[in-house]
Amino acid sequence: MEMDTAAFEQLVVDELDRLPDDMVNGLENVVFVVEDRPEDGTLDLLGMYDGLALTERGQYGMGELPDRIILFREPHLAECDDEDELREEVHTTLVHEIAHFYGIDDRQLHEMGWA
């Protein structure tokens, strides 16, 4: 599947808007970023949470750089056959990475069906 960066970014924004308010309202000092691929160049990773989970924050305060939730465009496109499948995969990736912000690990996500 092919989609340029601008269209993929808009799809991510659309899927963020569709997430439940109680999931996104608690996000603090987090930015969402789209990159083409992970640094190692593979297509194995769809997304990544780069930051300190809410459950691990002690003296977290003003002046901290924002945590990042990164979605990788090319791995998503390689994984999906059409836009409906892509939307579903982006949605799942967003929920998965947002869960890491809240301190939910991969084991728990797997048990919940989000890994």
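This talk goes through a three-stranded sheet and the helix packing beside it in a predicted model.

Some conventions before the structure. The model is predicted, with local features needing pLDDT of at least 70 and side-chain atom pairs counting only at pLDDT 80 or more, while totals for chains, interfaces and linings use all residues. Residues are numbered from 1 along each chain as its sequence is written, and side-chain values use heavy atoms, with hydrogens and water left out.

I'll start with the sheet. The sheet is open, has 3 strands in the order 1-3-2, and its pairing is mixed. Strands here are DSSP runs of E with at least two residues, helices are runs of H or I with at least four, and both are numbered from the N terminus. Two strands pair if DSSP finds at least two bridges between them. At the edges are strand 1, residues 30-35, and strand 2, residues 47-50, each pairing on one side only. From one strand to the next, the twist averages 20 degrees.

Now the two pairings. Strand 3, residues 67-72, pairs with strand 1 in the parallel sense over 6 bridges; there, valine 33 has isoleucine 70 as its bridge partner. With strand 2, strand 3 pairs in the antiparallel sense over 4 bridges, and tyrosine 49 is matched with isoleucine 69. Tyr49 also sits with Gly47 on the covered face of strand 2, whereas Met48 and Asp50 are on the uncovered one.

Next, helix 1. Helix 1, residues 5-18, lies across strand 1 and strand 3 and runs at about 145 degrees to strand 1. Angles go from 0 to 180 degrees between N-to-C directions, and axes are lines fitted to C-alpha atoms, for helices over the stretch in contact.

How do helix 1 and helix 4 cross? Their axes come within 10 Å and cross at roughly 60 degrees, helix 4 being residues 83-101. The two helices are therefore oblique to each other, the class left over once angles under 35 degrees count as roughly parallel, over 145 as roughly antiparallel and 65 to 115 as roughly perpendicular.

On the helix 1 side, the contact (heavy atoms within 4.5 Å) includes Phe8, Leu11 and Glu15, and on the helix 4 side it includes Leu86, Arg87 and Val90.

One residue to finish: glutamate 15, in helix 1. Glutamate 15 counts as buried because its relative accessibility is 2%, the limit for buried being under 20% relative accessible area with a 1.4 Å probe and protein chains only. Leaving out residues up to four places away in sequence, glutamate 15 touches Arg87, Val90, His91 and Leu94.

Technical notes:
Buried means under 20% relative accessible area, exposed over 50%, partly exposed in between (1.4 Å probe, protein chains only).
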